[in-house]
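Biologist: Could you take me on a close look at the loops of this protein, and then show me what sits in the core? I'd enjoy a connected walk through it.

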Amino acid sequence: MFTRAVVRPPGKSFDGGLTSAEMGKPDFDVAVEQHEAYCRVLEECGLRLTRLAADDRYPDSTFVEDTAILTRRGAVICRPGAVSRLGETEEIARVLRLDFTRIYTIHEPGTVDGGDICEAGDHFFIGVSNRTNENGATQLARFLAELGYTSTLIEIRGLSNILHLKSGIAYLDDSRIVIIDELKDRKEFSGYDLIHVNAEEAYAANCLPVNDRVLIAAGYPGLQRRLRDLDYDTIVLDMSEFQKMDGGLSCLSLRF
Ligand code: CIR
C-alpha cells in the first residue's frame with residue numbers, strides 16, 4: 001500500500017519542455033487543472049501528498065517520477081538522461097532524505113530516468129533507453145540487489161514510439177502486466193499474465209495502480225473495459241496536456 005506521494009505542478013515554462021509528440025503546445029491553465037485533478041485522485045486513494053512548488057527553471061520538472069526510484073527498503077536518486085533535467089534531482093533528494101534512510105545515487109557517466117523503471121513485486125524491470133544508459137542501468141541493478149531486489153534489463157532503444165519503458169508497460173498486481181504490442185513477445189515477460197493494449201490505445205499502457213484503484217487516461221475505452229472486466233476499480237483522468245509533452249500518469253508522482 002502507498003501512503004505518500006511527491007508531486008510538483010507544471011510551471012509557466014511547461015510548454016518549453018522536451019517532447020516528440022506532435023500534438024501542439026500544451027495549455028498551461030488546463031495542465032494545472034489536470035494536475036490538480038490528478039492530485040485529488042491520489043488523495044482519494046489515501047495518499048498524503050508532498051506538494052513541491054512549481055519550478056520554472058526546469059520545464060519538465062512536473063514529471064517527478066524521472067528523478068528517483070522509491071522502494072519499501074530504500075530510494076535511488078536518478079541522474080536524468082536529458083541534460084536539461086539534470087538539476088531536477090537536487091530538491092527531490094533533499095525532500096526524500098526526510099523519509100528515507102537508505103539512499104543511493106546514480107553517478108556519471110550513468111544516466112537513469114525513473115520512467116524506465118518498472119517495479120513488479122520484488123523484481124524490477126529496467127529499461128535501457130535513450131535516457132537510461134547501460135552504465136546507469138547496471139549501477140541501479142547493483143543498488144537494487146543491495147536492497148534485496150532482483151532486476152532485469154530490457155532493451156528499448158529500438159522502439160521509436162516509447163520514451164520510457166513505462167510508456168509501454170504497467171505492472172498491476174498478481175503478475176499481471178499491461179503491455180504494448182511491441183513488447184509483448186519479449187522473453188523477459190513470458191512468465192507474466194499480459195494484458196495487451198492495441199496500437200491505437202498505446203498511450204493508455206501507462207496506467208497507474210494506486211492501492212486498490214487503477215488510474216487510466218481518458219479516451220481509451222478498450223483498455224478501460226478490459227480492466228473493469230478483470231474487476232479493477234478504474235479512475236479515468238484527462239491527461240491531454242501532459243500527453244503533448246510525452247508524459248503519462250505514472251510520471252506525475254513519486255509514490256511510496
Ligand atoms: C521528457 O521528455 O523528459 C518529458 N517531457 C516527459 C517525461 C515523461 N516521464 C515519464 O514518462 N516518466
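Modeller: Happily! P109 sits in the loop that runs between strand 5 (103-105) and strand 6 (117-120). This is a predicted model, and in it the peptide bond joining E108 to P109 is cis, with omega at about 5°.

Two other loops are worth a stop for their backbone angles. Between strand 9 (169-171) and strand 10 (176-180) lies the loop that holds D174. D174 is not a glycine, yet its phi is positive, at about 45°. D174 counts as exposed because its relative accessibility is 63%, and the cut-off for that word is over 50%. Further along, the loop between strand 12 (208-210) and strand 13 (213-217) contains N211. N211 is not a glycine either, and its phi is also positive, at about 55°.

Now for the core. In soluble globular proteins, nonpolar side chains tend to be buried together. Here the largest nonpolar core has 56 residues, and the members that touch the most others are Y38, L42, V178, L183, F189, L215 and L227. Helix 1, covering residues 28-44, gives the most to this core, with six residues. If you would like one residue to follow on screen, try L227: leaving aside residues up to four places away in sequence, L227 touches L172, V178, I195, V214, I216, Y232 and T234. There is also a second, separate core, made of 17 residues, with V76, I126, V128 and L140 among them.

Technical notes
Residues numbered from 1 in each chain as written. Predicted model: local features only at pLDDT ≥ 70, side-chain atom pairs only at ≥ 80, totals over all residues. Heavy atoms only, no water. Core = buried A, V, L, I, M, F, W, Y, C linked by side-chain atoms within 4.5 Å. Buried < 20%, exposed > 50% of the residue type's maximum accessible area, 1.4 Å probe, protein only. Helix = DSSP H or I, 4+ residues; strand = E, 2+ residues; numbered from the N terminus. Contact = heavy atoms within 4.5 Å.
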